[in-house]
Amino acid sequence: MKKEQLLYEGKAKRLYQTDQKDVLWIEYKDSATAFNGEKKETIAGKGVLNNLITSLLFEKLKAEGIESHFIKKISDHEQLVKAVEIIPIEVVVRSTVAGTLAKRIGLDEGTKLPKTIVEWYYKDDDLGDPLINEDHIEVLGLASAEELTLLKEKGLQVNEVMTAFFKEIGLDLIDFKLEFGRDENGQVLLADEISPDTCRLWDSKTGEKMDKDVFRRNLGSLTEAYEKVLNRLGGVKS
Ligand code: U5P
C-alpha cells in the first residue's frame with residue numbers, strides 16, 4: 001500500500017489517499033485542541049497513544065459484531081481505513097452527566113442518568129458544532145430519517161459494549177462522541193476515532209479523570225492519563 005496525496009488535515013489527524021481507491025491512510029498527530037480550537041498545544045506522544053487506543057477499541061468492537069472503517073494499524077501512529085464520506089453529525093452518547101450537559105440542564109457532573117441520552121451536534125467549526133435536533137438535520141439534509149435511526153441504534157450498541165469493556169478494567173464510561181460515514185455503496189459505517197480524546201473515562205474507584213478533560217481543565221499530564229488507559233486495555237507503547 002502506498003501513501004499518496006494529503007486529502008484533509010484536521011485538528012488531530014491527517015488523511016491521505018492511497019493507491020487503492022477505497023482505502024485511506026490516517027496519521028495521528030501530536031496536537032491537542034479544545035473549545036473549538038481556542039486552546040491548542042503540541043503534546044509529544046499523544047498521536048501514538050490515540051492511534052493505539054483507537055485501534056484496540058475498533059478491534060474489540062469488531063469482535064462484538066460492530067463494524068467500523070478500521071482496517072488495520074500499520075505503525076504506532078498510522079492506520080488504514082475504508083474510505084467513507086463522513087456524515088457531518090457528531091453523535092454523543094451519555095450515561096452520566098458531565099461537560100456541556102451539566103451546563104445545559106443544570107444537573108451536577110457525575111449524576112447517573114436514568115436513561116442513556118443520545119444527542120446530535122452539527123459538525124461545523126465555523127458554527128462551533130451546535131447541538132441540533134432531527135428537524136434541523138432534515139432541513140440541512142445531513143442524513144435521512146433511516147440513517148438517524150441507525151446512528152442512534154449503533155450509538156447505543158457501542159455504549160453497551162464499551163461500558164462493559166471499560167468496567168472490566170476499572171473505568172467508568174461517562175460519555176463519548178462517535179462519527180459515521182457512508183461507503184461507496186451508501187452503507188453507514190462507524191468511522192473517525194474512539195479514544196480518550198472522544199470519550200470521558202473516570203477511574204471507577206477514585207473518580208480520577210483519564211480523558212481529554214485533563215487537558216481541557218489543566219488537571220495534569222494528558223499522556224500519563226492516556227498511557228494508563230492504554231495499559232489497562234492491554235496495550236503497550238513501543
Ligand atoms: N466530544 C468530542 N468532540 C467534540 C465535542 C465533544 O469528542 O467536538 C466528546 C467529549 O470528549 C465527551 C462527549 O466525551 O463528546 C460530550 O462532550 P461535551 O458536549 O460534554 O463537551
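Reader: In this structure, is Asn218 buried or exposed?
Author: The model is predicted, and Asn218 is placed in the loop between α5 (213-216) and α6 (222-232). Its relative accessible area is 59%. Since the cut-off for the exposed class is over 50%, Asn218 is exposed.

Reader: What is the approximate phi of Asn218?
Author: Asn218 is not a glycine, although its phi is positive. The value is about 50°.

Reader: Which class of accessibility does Phe35 belong to?
Author: Phe35 is found in the loop between β4 (31-34) and β5 (39-42). Phe35 also has a positive phi, near 55°, in a residue other than glycine. Its relative accessible area is 46%, and values between 20% and 50% define the middle class. Phe35 is therefore partly exposed.

Reader: Which residues are the closest to the ligand?
Author: The ligand is surrounded by 16 residues. At least two residues of this shell come from each of β9 (89-96), α2 (99-105), β12 (171-182) and β14 (199-203). The closest residues are Arg94, Thr100, Asp175, Arg200 and Arg216.

Reader: How far is a polar side-chain atom of Asp175 from an oxygen atom of the ligand?
Author: Asp175 is one of the closest residues around the ligand. The distance from a polar atom of its side chain to a ligand oxygen atom is 2.6 Å.

Reader: What percentage of the accessible area of the ligand does the protein cover?
Author: An N or O atom in the side chain of Arg200 lies 2.9 Å from an oxygen atom of the ligand. For Asp197, a polar backbone atom lies 3.5 Å from a ligand oxygen atom. On its own the ligand has 450 Å² of accessible area, and the share covered by the protein is 82%.

Reader: Which pocket does the ligand take up?
Author: The shell around the ligand includes residues supplied by β12 and β14. The space that the ligand takes is the largest pocket.

Reader: Is Thr54 buried or exposed?
Author: Thr54 belongs to helix α1 (residues 46-63). Its relative accessibility is 0%, and the cut-off for the lowest class is under 20%. Thr54 therefore counts as buried.

Reader: Which residue has a backbone oxygen that the side chain of Thr54 reaches?
Author: Leaving out residues up to four places away in sequence, Thr54 touches Tyr28, Gln79, Asp192, Glu193, Ile194 and Ser195. Its side chain reaches a backbone oxygen at 3.1 Å, and that oxygen belongs to Ile194.

Reader: What is the relative accessible area of Pro196?
Author: Pro196 lies in the loop between β13 (188-191) and β14. Beyond four places in sequence, Pro196 touches Asn50, Ile53, Met210, Asp211, Lys212, Tyr226 and Val229. Pro196 is buried, and its relative accessible area is 0%.

Reader: How far apart in space are Pro196 and Glu153, C-alpha to C-alpha?
Author: In sequence, Pro196 and Glu153 are 43 residues apart. Their C-alpha separation in space is 22 Å.

Reader: With which side chain does the side chain of Lys11 make a polar contact?
Author: Lys11 is found in the loop between β1 (3-9) and β2 (13-18). At 36% relative accessibility, Lys11 counts as partly exposed. Outside its neighbours within four places in sequence, Lys11 is in contact with Lys29, Ser31, Thr33, Asn36, Gly37 and Asp125. The polar contact, at 3.2 Å, is with the side chain of Asp125.

Reader: What separates the C-alpha atoms of Lys11 and Lys40?
Author: Along the chain, Lys11 and Lys40 are 29 residues apart. The separation of their C-alpha atoms is 9.3 Å.

Key
Residues are numbered from 1 along each chain as its sequence is written. This is a predicted model: local features need pLDDT of at least 70, side-chain atom pairs count only at pLDDT 80 or more; totals for chains, interfaces and linings use all residues. Side-chain values use heavy atoms; hydrogens and water are left out. Helices (H or I, at least four residues) and strands (E, at least two) are DSSP runs, numbered from the N terminus. Buried means under 20% relative accessible area, exposed over 50%, partly exposed in between (1.4 Å probe, protein chains only). A polar contact is a pair of N or O atoms within 3.5 Å; within protein, one must be able to donate a hydrogen and the other to accept it, and residues adjacent in sequence count only if both atoms are side-chain atoms. Contact means heavy atoms within 4.5 Å. A residue is near a molecule or strand if one of its heavy atoms lies within 4 Å of it. Accessible areas come from the Shrake-Rupley method with a 1.4 Å probe; for residues, only the protein chains shown count as cover. On a 1 Å grid over the protein atoms alone, a cavity is a set of points where a 1.4 Å probe fits but cannot get out, and a pocket is an open set with protein on both sides within 12 Å along at least five of seven lines; lining residues have an atom within 4 Å of a point. A molecule sits in a cavity or pocket if more than half of its atoms lie within 2 Å of its grid points.
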